[in-house]
Amino acid sequence: MKGFSKILRNTDTKNRLSVPVRFLKSLPPFKLGSHAVEFEATDEKGETWAFQCSTRKRGPYRKPVLTTGWVAFVKSKKLQIGDKVRFVKYRNRATATISYRVRAEKEIRIFGAIFGYAPI
C-alpha cells in the first residue's frame, strides 16, 4: 500500500493537484516518450474518478500534477483551501490487481483552531 495525503492550497482547489514525485512509482507505467498517465481511483462512496497525472516535458525535475478529472472531483466534493485529500494504491493479493482509492476530508475548525479532518 503506497500513497500520499495533502492539505489543499489555492492552486490545488482551482487548477491542478501537485503530487509528490515519490507517488509516480505507484502509478501505472508511463508509455515510452509520454509525459502523462491515466488512472482511476474510487472514493468512499464507491464512485470511480478518472485522473491524469502529467509531468514536465523537459527539465531535470519532473513536477507531477493531477490535471484531467481533478477539478471535477474538487467541485463535486466542494473542497476548499485547508481541506485534505488522500490517494492510496492497493494490491489485491488474491488477484494481483492494482486499484487506487481517493479520500476527501473537510477541515474541522473549532473557535478558529484546526481540530482535525472529517471524511466527506
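Modeller: Buried means under 20% relative accessible area, exposed over 50%, and partly exposed in between, with a 1.4 Å probe and protein chains only. The model is predicted: local features need pLDDT of at least 70, side-chain atom pairs count only at pLDDT 80 or more, and totals for chains, interfaces and linings use all residues. Residues are numbered from 1 along each chain as its sequence is written, and side-chain values use heavy atoms, with hydrogens and water left out.

Biologist: Why does Phe39 count as buried or exposed?

Modeller: Phe39 has 5% relative accessibility. The limit for buried is under 20%. So Phe39 counts as buried. Phe39 is found in strand β3; strands (E, at least two residues) and helices (H or I, at least four) are DSSP runs, numbered from the N terminus.

Biologist: What is Phe39 in contact with, leaving aside its neighbours within four places in sequence?

Modeller: Contact means heavy atoms within 4.5 Å. Among the partners of Phe39 are Leu27, Trp49, Phe51, Leu66 and Phe87.

Biologist: What makes a nonpolar core?

Modeller: A set of buried Ala, Val, Leu, Ile, Met, Phe, Trp, Tyr and Cys residues, joined through side-chain atoms within 4.5 Å. The largest one here has 23 residues. Phe39, Phe51, Leu66, Trp70, Phe73 and Phe87 touch the most other members. β3 (36-42), β4 (48-54), α2 (70-77), β6 (84-91) and β7 (98-110) each supply at least two residues of this core.

Biologist: How do you know that the buried residues of α2 line one face?

Modeller: The buried residues are Trp70, Phe73, Val74 and Lys77. Seen down the axis of α2, they fall within an arc of 100°, so they line one face of the helix. The arc is that of the directions from the helix axis to the C-beta atoms. These residues pack against α1 (10-14), β2 (17-18), β4, β5 (65-66), β6 and β7.

Biologist: Why is Lys78 called buried or exposed?

Modeller: Its relative accessible area is 61%. The limit for exposed is over 50%. So Lys78 is exposed. Lys78 follows α2, and its phi is positive, near 55°. Lys78 lies in the loop between α2 and β6. Leaving aside neighbours within four places in sequence, Lys78 is in contact with Asp83 and Lys106.

Biologist: And why does Phe115 count as buried or exposed?

Modeller: Phe115 has 63% relative accessibility. Exposed is over 50%, so Phe115 counts as exposed. Phe115 is in strand β8 (residues 113-119).
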